[in-house]
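Student: Could we go through this model together, beginning with the ligand and then turning to the helices?

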Amino acid sequence: MSKYNLGSACAVISGASSGIGFEIARILCGKYGCTVIGLARNKEKLDRAAERIGDNFIPFVCDVTSGSERADLLKYIADHGFKPDILINNAGILPPFSHFSPEKEDELEHVMELNFHAHVKMCSAFLPMLLKSDRGAIVNVASSAALASLPGTAAYSASKSALLSFTQSLSLEYSGRIFVSAVCPGMTATDLFSSHEGASIIGKFAPSAEKAAKKIVRRLRRGQRKIVTGADAHLMSIGNRLFGTGALRFFSFFIKSVKLPIFKNTFYK
Ligand SMILES: NC(=O)c1ccc[n+]([C@@H]2O[C@H](COP(=O)([O-])OP(=O)(O)OC[C@H]3O[C@@H](n4cnc5c(N)ncnc54)[C@H](OP(=O)(O)O)[C@@H]3O)[C@@H](O)[C@H]2O)c1
C-alpha cells in the first residue's frame with residue numbers, strides 16, 4: 001500500500017454542498033491546500049459551502065445524472081485550465097426505508113441512475129484527464145449497504161453494491177496508473193435522511209459527517225483501496241463475511257424488534 005499525496009491537488013467532488021462531501025472538501029482545501037471543484041444541484045447551498053470553505057472551493061452547479069450538465073462541467077474545466085488529479089464521486093440518495101413493491105420500479109431506476117450510472121459516467125469522462133496526472137485518483141463513495149444488504153433498502157443496497165464492484169474492478173485494471181478507492185461509510189448524521197420520518201434518531205447515535213470525513217481522508221492518504229468507517233459498517237461487514245445470510249437475518253430481526261418509526265414501512269405486512 002503506497003501513500004497518496006493530497007498536497008495542493010486539484011479535486012472534483014460531487015455532492016460537495018453538504019454532509020460527507022462538504023466535510024471532505026473542507027479538509028482538502030483547509031488542511032492540504034487543494035483546489036476543489038464542488039458539484040451539487042442547489043446553487044444557494046453550494047454558495048454557502050463556498051463561503052464557509054474559502055477561495056479554494058469552486059462551486060459549480062451540476063446534476064451529475066445529466067449528460068449535458070456533465071459536458072458543461074468538462075468544458076468549464078478545460079476553459080479554465082484546471083487539471084484534476086482526484087475525482088470523488090460522492091453524490092447520493094437514500095429513499096425512505098420501505099419494502100420493495102411493483103410501484104417502486106421508478107424509484108429503483110432513479111436511485112441506480114444517481115448512485116451508480118452517473119458515477120460510472122463521471123469516471124469515464126474524467127479518466128483521460130486523471131491518466132495525465134502523476135497522482136490520478138478516483139474515490140467512489142458507496143456504503144455499508146454494499147457490505148451487507150438490510151431490509152427496506154433494496155434499491156439503495158443494489159446501487160451501492162454495483163458501485164463497489166465497479167470500483168474494485170477499476171482499481172485492479174488501473175493499478176499503477178490511477179489510485180482507485182471505494183468508501184463504505186456506516187450511518188452518518190447528514191441530510192441524507194431528511195425525507196425520512198423519524199430520522200432524528202440518526203443524529204442521536206450516528207457519528208457526524210466531520211468525523212467520518214476525517215477518517216476517510218486519513219485512510220486515503222494511507223492509500224487504502226477499501227475504506228470502511230463506523231462501528232455499524234464494520235459489524236455488517238464482519239457479520240456477513242463470517243455468517244452470511246444468518247447475520248443478515250439477525251440484523252433484520254433486530255430492525256423489526258426495535259420498532260423505530262424510521263423503519264415502519266420496512267416489512268411487508
Ligand atoms: N449519511 C450516511 O449515513 C451515509 C452512509 C453510507 C453512505 N453514504 C453515502 O455518502 C454520500 C454522501 O451522502 P451524505 O450522507 O453526505 O448526504 P447529503 O448530506 O444528503 O449530501 C448529498 C449531496 O449530494 C448532492 N446531490 C444529490 N443529488 C445530486 C445530483 N443528482 N447531482 C449532483 N449532486 C447531487 C446534494 O446536493 P443537491 O441536493 O443540492 O444536489 C448534496 O450535496 C452518498 O453517496 C451516500 O449514499 C451516506
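The exchange below takes up the surroundings of the ligand and then the packing of helices in this predicted model.

Student: Which residues come nearest to the ligand, of the 30 around it?
Tutor: The model is predicted, and a residue counts as near the ligand if one of its heavy atoms lies within 4 Å of it. The shell drawn by that cut-off holds 30 residues, and those that come nearest are Ser17, Arg41, Tyr156, Thr188 and Thr190.

Student: How many residues of the shell around the ligand are charged?
Tutor: The shell residues can be sorted into three classes, of which the nonpolar class has 14 members and the polar class 11. The remaining class, that of the charged residues, has 5.

Student: How far is an oxygen atom of the ligand from an N or O atom in the side chain of Lys160?
Tutor: A polar contact is a pair of N or O atoms within 3.5 Å. Backbone atoms supply such partners at Gly15, where an N or O atom lies 3.5 Å from a ligand oxygen, and at Leu192, where a polar backbone atom is 3.3 Å from an oxygen of the ligand. For Lys160 the partner is a side-chain N or O atom, and its distance from a ligand oxygen is 2.9 Å.

Student: What share of the area that the ligand exposes when taken alone does the protein bury?
Tutor: Taken alone, the ligand exposes 890 Å². Of that area, the protein buries 95%.

Student: Which elements give two or more residues to the shell around the ligand?
Tutor: Two helices meet that condition, one spanning residues 19-32 and the other residues 154-173. These elements are α1 and α5.

Student: Is α4 roughly parallel or roughly antiparallel to α5?
Tutor: The axes of α4, which covers residues 105-132, and of α5 come within 8 Å and cross at roughly 15°, in a right-handed crossing. Because angles under 35 degrees count as roughly parallel, the relation of α4 to α5 is roughly parallel.

Student: Are α1 and α2 roughly parallel or oblique to each other?
Tutor: Helix α2 covers residues 43-53, and its axis comes within 10 Å of that of α1, with a crossing of roughly 30°. The crossing is right-handed, and the angle makes α1 and α2 roughly parallel.

Student: What does the angle between α1 and α7 make them, roughly parallel or oblique?
Tutor: Helix α7, residues 209-221, packs against α1 with the axes 8 Å apart and an angle of about 55°. Their crossing is right-handed. The angle falls outside the ranges for roughly parallel, roughly antiparallel and roughly perpendicular, and therefore the two helices are oblique.

Key. Residues numbered from 1 in each chain as written. Predicted model: local features only at pLDDT ≥ 70, side-chain atom pairs only at ≥ 80, totals over all residues. Heavy atoms only, no water. Polar contact = N/O pair within 3.5 Å; in protein donor to acceptor, adjacent residues only side chain to side chain. Areas by Shrake-Rupley, 256 points an atom, 1.4 Å probe, with all protein chains shown as cover. Helix = DSSP H or I, 4+ residues; strand = E, 2+ residues; numbered from the N terminus. Nonpolar A, V, L, I, M, F, W, Y, C, P; charged D, E, K, R; others polar. Axes fitted to C-alpha atoms, helices over the stretch in contact; angles between N-to-C directions. Parallel < 35°, antiparallel > 145°, perpendicular 65-115°, else oblique. Left-handed = near helix turned anticlockwise from the far one by under 90°.
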